[in-house]
Amino acid sequence: MIVIHSLGFNVLGPGDLCIMASTRKNNAAGASKVQSNAGASKEDSENVLASMQQSLEKAMVEMGRVGKLLTSLQADISEIKDANVGLRTDMDSVLLRLNEAENRISQLEDEKHDLRQKVDKTAMKCEDLHQAVEDAANRDRRQNLRLIGLKEKLENGKPSECVKKIISEALGIELDGSQLQRVHRAPVAIPKEGSRPIIIRFLSFLERERVLAAAKKTYNNKEEVVWKGCKLSFFPDMTRETAEKRRKFKDVRIRLHGLDVRFTLAYPAEMRFTWRGKRMKFTDDREAMDFLNKESEKQRSRTGCLCRSLETRNLT
């Protein structure tokens with residue numbers, strides 16, 4: 001076989017032909033293999049591109065969703081900012097009102113303090129006026145006596161004549177009509193039990209004291225003032241408040257009578273008595289009773305010790 005080249009002619013032998021045939025066969029197989037590989041690579045590339053395109057589309061969808069979320073968040077943030085602005089305005093208004101309220105409260109507290117001082121002063125003045133009125137009312141009754149125990153209607157409509165007879169017959173004091181200014185029953189409802197007291201007003205305080213002293217003398221002799229079966233008692237006429245204060249010393253008076261201790265219930269309500277050579281004064285009935293109880297207990301203790309001492313001496 002003759003092969004013609006551009007530079008001349010060459011004569012190939014049988015070996016060369018075999019080599020060429022083998023070479024051509026190998027080249028054809030390689031070309032076929034390359035074509036096959038190229039087809040596979042193109043298919044893989046298309047698959048990868050398709051997958052990438054799907055991923056990109058999904059990413060675009062997600063980005064769209066994220067964009068919508070961001071838009072919504074931005075709108076919400078704008079609303080929150082607007083709300084914060086409103087809240088800030090409201091807070092400023094509230095703070096302003098609080099400051100005004102604090103100022104008003106402070107002003108009211110100052111006014112309350114001033115009013116409290118005025119009320120206290122007014123209360124003190126009212127108490128002073130009350131005490132003055134109470135004292136004036138009691139002093140106006142200094143010439144009065146209260147007669148307790150006379151049965152209803154026993155005076156037969158003539159209380160002055162009845163009282164003169166009682167004072168004359170029960171106390172032994174003669175009074176003429178000019179010494180009694182007014183005599184009447186207390187203006188209260190008639191009780192179911194007992195009788196209303198009789199108010200006796202004398203023209204002279206001295207006459208009133210003379211009658212009261214005679215009644216006290218009878219009581220001190222442990223006697224009773226009795227007239228027509230009525231046990232009578234004479235008391236100074238005082239206001240209800242003062243009488244209530246004096247009435248609280250009732251148990252103390254009974255206790256002192258039992259201890260055979262002389263006492264005086266001074267005006268308006270002060271208990272006075274002498275205990276073991278010491279003059280005592282009490283304006284509170286409970287303090288007076290506590291004092292008597294303690295002193296009585298001490299006396300009993302001393303008496304018990306003395307008795308035991310005497311018994312010991314007798315045994316020895």
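**Notebook: salt bridges, a buried aspartate and odd backbone angles**

I started at aspartate 135, which is partly exposed, with a relative accessible area of 26%. I note at once that this is a predicted model. Aspartate 135 forms a salt bridge with arginine 139. I read 2.7 Å between their closest N and O atoms. Both residues lie in helix α1, four residues apart, which is about one turn of the helix.

**Overall layout**

Next I stepped back to the whole chain. I found six helices and 10 strands in the protein chain. The chain has 316 residues, and 21% of them are buried. I then looked at contacts with a separation of 6 or more: 54% of them join residues 24 or more positions apart. The exposed area of the chain is about 24200 Å². Carbon and sulfur atoms supply 55% of that area.

**Helix α1**

I went back to α1, which covers residues 14-140. Arginine 116 and aspartate 120 caught my eye, with a salt bridge between their side chains. The N to O distance is 3.6 Å. How far apart along helix α1 are arginine 116 and aspartate 120? They are four residues apart, so about one helical turn separates them. I also checked their cover. Arginine 116 has 52% relative accessibility, so I count this residue as exposed. Aspartate 120 is partly exposed, at a relative accessible area of 34%.

Leucine 73 sits in the α1 helix too. Its relative accessible area is 48%, so I wrote down partly exposed. I found leucine 73 in a nonpolar surface patch with Val66, Leu70 and Ile77. Together the four residues have about 360 Å² of accessible area.

**Salt bridges elsewhere**

I kept the general point in mind: side chains of opposite charge can pair when their charged atoms come close. My count for the model is 19 salt bridges. One of the pairs I looked up is aspartate 284 with arginine 286, with 3.6 Å between the closest N and O atoms. Arginine 286 is exposed, at 59% relative accessibility. I also noted a salt-bridge network that links Glu152, Glu155, Arg185 and Arg196.

**Aspartate 237**

Is aspartate 237 buried or exposed? Its relative accessible area is 4%; the limit for buried is under 20%, so aspartate 237 is buried. I placed this residue in the loop between β7 (230-236) and α4 (240-247). Which partners does its side chain have? I found a polar contact of 3.0 Å to the side chain of asparagine 144. The side chain of arginine 146 makes a polar contact with aspartate 237 at 2.7 Å. I then set aside neighbours within four places in sequence and listed the contacts of aspartate 237: Arg141, Asn144, Leu145, Arg146, Ile199 and Arg208.

**Helix α2**

I checked the length of α2 (residues 159-171) next. Its 13 residues reach 17 Å from the first C-alpha to the last, close to the expected 18 Å. Its buried residues are Cys162, Val163, Lys164, Ile166, Ile167 and Leu171. I traced what they pack against: strands β3 (144-148), β4 (180-185), β5 (198-202), β6 (225-227) and β7, and helix α3 (205-220). Just after α2 I found glycine 172 with a positive phi of about 75°.

I picked cysteine 162 in α2 for a closer look. It has 5% relative accessibility, so it counts as buried. Beyond its neighbours within four places in sequence, cysteine 162 is in contact with Leu150, Glu155 and Trp227. I also took one C-alpha distance: cysteine 162 to valine 183 is 9.5 Å in space, across 21 residues in sequence.

**Backbone exceptions**

Last, I went through the backbone angles. Most residues other than glycine have a negative phi, and most peptide bonds are trans. I noted three exceptions.

- Lysine 153 has a positive phi of about 65°. I placed lysine 153 in the loop between β3 and α2. It is exposed, at a relative accessible area of 70%.
- Lysine 228 also has a positive phi, near 55°. I placed lysine 228 in the loop between β6 and β7. At 60% relative accessibility, lysine 228 counts as exposed.
- The peptide bond from tyrosine 267 to proline 268 is cis, with omega near -5°. I found proline 268 in the loop between β8 (263-266) and β9 (270-275).

How values were computed
Residues numbered from 1 in each chain as written. Predicted model: local features only at pLDDT ≥ 70, side-chain atom pairs only at ≥ 80, totals over all residues. Heavy atoms only, no water. Helix = DSSP H or I, 4+ residues; strand = E, 2+ residues; numbered from the N terminus. Buried < 20%, exposed > 50% of the residue type's maximum accessible area, 1.4 Å probe, protein only. Contact = heavy atoms within 4.5 Å. Areas by Shrake-Rupley, 256 points an atom, 1.4 Å probe, with all protein chains shown as cover. Polar contact = N/O pair within 3.5 Å; in protein donor to acceptor, adjacent residues only side chain to side chain. Patch = residues over 30% accessible without salt bridge, like charges linked within 9 Å, V, L, I, M, F, W, Y side chains within 5 Å. Expected span 1.5 Å × (residues − 1).
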